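Visitor: I am new to this structure and should like to be guided through its parts and how they meet. May we begin once it is in view?

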There are 2 protein chains.
Amino acid sequence: MMDRGQAYGDGLFETMRAHRGTLPWWDAHWTRLARGCERLAIALPDQAQVRANADALLPDGGDAVLKLLVIRGGGARGYAPPVDAPSNWQLERHPLPAPATGGLRLRWCDTRIAVQPLLAGIKHCNRLEQVLARAECVAADADEGLVRDTDGHVVSATSANVFVFRDGAWSTPPLQRCGVAGTCRAALMAPLRAQEALMDVAAVESADAVFLCNAVRGILPVASLGARSWPSHPAVAAARRVLATLHPGLVPELE
Amino acid sequence: MMDRGQAYGDGLFETMRAHRGTLPWWDAHWTRLARGCERLAIALPDQAQVRANADALLPDGGDAVLKLLVIRGGGARGYAPPVDAPSNWQLERHPLPAPATGGLRLRWCDTRIAVQPLLAGIKHCNRLEQVLARAECVAADADEGLVRDTDGHVVSATSANVFVFRDGAWSTPPLQRCGVAGTCRAALMAPLRAQEALMDVAAVESADAVFLCNAVRGILPVASLGARSWPSHPAVAAARRVLATLHPGLVPELE
């Protein structure tokens, strides 16, 4: 029996990093999930039930990745969303990804992200654009890729937000038109005094330093982007030390 | 265990009308599915296996709707598409929808469709825009809704293509930038001598007649669109007679 996740990608997800059996950013993830549920009129699951299930997946006090998937309930024949159907949700535990062994080698993806303000910011399950963009990176043997929207503005990496350092200040693309408002990005904005700024290719390539970030891997320094390369930069190292104070699991994978 | 359909809407579907136990447009549906699989690099299932399964769902020689869902195989953690993973597919039989009892009452949806040429035309499973647009129609007690893209061009209805009659000729919006290339639309283009044409709101509202069409319900005359209304038009009746020669199940539901 098909569900609305399979049929339409009619759901939302969160990917959380557990540290010693705890979920330091639970509140931030739940807040974003609730915002997504409100935007799509999907019933928000009972937080206490989900949390109890999450805790039960971490009995060993270990480090892990927890993925929460929330799918709109009701039948999958027809786009009309069933009214008042409780959501179906699942949690899965996965091992931590292997630590990066150096700065990331990026490419500019040919795949563009469509401009859709109705879906921007939330972590919904319509992710074919990211699948296509990621497939490009794999084919080109790049660690990750930066994606632009169909108007040419830089959005993010395929599964991480991007921060750019220039003239002593951090900036990151706005996400009102497309892209995902990452929890790690949100946590870093104020401590790094980062500003949102529209960026084109030249704005990134002429930066003094670049990093990617997400809630699973923290801050990942960028070593190269196509032909452009960057040496290690003290501003990135400083940002990683800041992040370690915000999530004890997101200590630098390398110095 | 999450699959890539639930996680990312990473799949394709076809919705077919069975007539007396046969699937008159099987080839057209399979051709579109194959095109979608090629575009997304999803493994095309074995046609003979799927067809045998479809036939097994129609042992009574009855009329029905068959929905085929094809989901990319492999794991759902991470956007990168697994290489060479066989697809997972499912077929479901559903009853025919209730016949329309009159021309459809439409609205203009506020939900806009994002411009994404990489996903245009194929029947992929990233359908949150259609879910949102359809929810609007339900809330407004409209039978269906016309959607425009983010540039203001008319695309289609939420689950049907749209044809417009003006000065003795049929036209329908192009689908190179967004929208689904419907099998019923494709079947009608040549017999109706229809042309593709960019349309705005005024172009539809000032038409002499309008119909929607899809592979399950055939041609559905439009009676109203917001404040605009249309009486029955002989060109629509003629188009329905043409369609009945192309798919014996798609005879007019009303005259």
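Visitor: How many Å separate the centres of domain 1 of chain A and domain 2 of chain A?

Guide: The model is a predicted one. In chain A, the domain assignment places domain 1 at 4-94 and domain 2 at 104-246. Taken over C-alpha atoms, their centres are separated by 24 Å.

Visitor: Which elements give two or more residues to the side of domain 1 of chain A that touches domain 2 of chain A?

Guide: Domain 1 of chain A brings 18 residues to this contact, and domain 2 of chain A brings eleven residues. By class, the side belonging to domain 1 has seven nonpolar, six polar and five charged residues. The elements of chain A that give two or more residues to that side are strand E1 (11-18) and helix H2 (26-40).

Visitor: Which element gives the most to the side of chain B that touches chain A?

Guide: The contact between the chains takes 42 residues from chain B and 42 residues from chain A. On the chain B side, at least two residues each come from helix H1 (4-8), strand E1 (11-18), strand E2 (64-71), strand E3 (88-94) and helix H4 (128-139). With seven residues, the element that gives the most is H4(B).

Visitor: What relation links chain B to chain A?

Guide: Chain B is superposed on chain A, with RMSD 0.0 Å, by a rotation of 180 degrees with 0.0 Å of shift along its axis. The same surface serves both copies, as 100% of the contact residues of chain B recur in chain A. The rotation and shift are therefore the relation of a two-fold axis.

Note on methods: Residues are numbered from 1 along each chain as its sequence is written. Chains are lettered from A and ligands numbered from 1 in the order in which they are written. This is a predicted model: local features need pLDDT of at least 70, side-chain atom pairs count only at pLDDT 80 or more; totals for chains, interfaces and linings use all residues. Two residues are in contact if their C-beta atoms, placed from the backbone, lie within 7 Å. Helices (H or I, at least four residues) and strands (E, at least two) are DSSP runs, numbered from the N terminus. Copies are superposed by least squares on the C-alpha atoms of residues with pLDDT of at least 70 in both. Domain bounds come from an automatic or database domain assignment. Ala, Val, Leu, Ile, Met, Phe, Trp, Tyr, Cys and Pro count as nonpolar, Asp, Glu, Lys and Arg as charged, and the others, Gly among them, as polar.
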